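Work through the exercises below with the model open. Try each task before reading its solution.

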Amino acid sequence: MKEREIKPENIWNEEKLNSINTFVKQHSENQSKERKIRNKLLSIQYKLEDYIEKESIDEDKVINILDFIKMYLKVLGITKKDLAKYFGMKDSNLHTYLTGKRKLNPDIVLKISSFSRTNPEYWYRVQVKNELVKLRKQKAKDYEKYDYEKLLSIR
């Protein structure tokens, strides 16, 4: 029996790509509203995790905690004011935490974590990452002097 050569275009071509897209669209349309919301929330969680795991972030690519919270609020169809009320605080007070004007404390972190169903450490890590990006941009050269090799060369 002669074997037939399989070419890449036989496996992956425009027609197959279109049929996969159609399948995905139909599958997505058949999902319940709750399932669609859960998928969107999961997508935000992955963005959050990706952001935390990135080695370096350019200052113009910084994503603030407020940006992530806005993604959650948009999916859930509620406002920041609603969230502040739900957390038992003033909207302006919540805003200062989410924009980084005031550092997150354990109480607000646990509220955000519970609300978003994410690990509390994620929110601290975003805060610290953003602070480091900002500080490195401003004073990168100032910290180079603390390299241990420079200390050893002094001895």
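Thr118 counts as buried, at 9% relative accessibility. This is a predicted model: local features need pLDDT of at least 70, side-chain atom pairs count only at pLDDT 80 or more, and totals for chains, interfaces and linings use all residues. Residues are numbered from 1 along each chain as its sequence is written, and side-chain values use heavy atoms, without hydrogens and water.

**Exercise 1.** Place Thr118 and find its contacts.

Solution.
- Step 1: look in the loop between helix H7 (106-116) and helix H8 (120-144). Helices are DSSP runs of H or I, at least four residues, numbered from the N terminus.
- Step 2: apply the burial cut-offs: buried is under 20% relative accessible area, exposed over 50%, partly exposed in between (1.4 Å probe, protein chains only). Thr118 is at 9%, so it is buried.
- Step 3: skip neighbours within four places in sequence. Thr118 then contacts Gln45, Leu48, Tyr72, Ser113 and Trp123. Contact means heavy atoms within 4.5 Å.

**Exercise 2.** Is Ser113 buried or exposed, and what does it touch?

Solution.
- Step 1: find Ser113 in helix H7.
- Step 2: its relative accessibility is 7%, so Ser113 is buried.
- Step 3: beyond four places in sequence, Ser113 contacts Thr118, Asn119, Pro120 and Trp123.

**Exercise 3.** Where is Trp12, and is it buried or exposed?

Solution.
- Step 1: go to the loop between helix H1 (8-11) and H2. Trp12 sits there.
- Step 2: its relative accessible area is 54%, so Trp12 is exposed.

How values were computed:
Helices (H or I, at least four residues) and strands (E, at least two) are DSSP runs, numbered from the N terminus.
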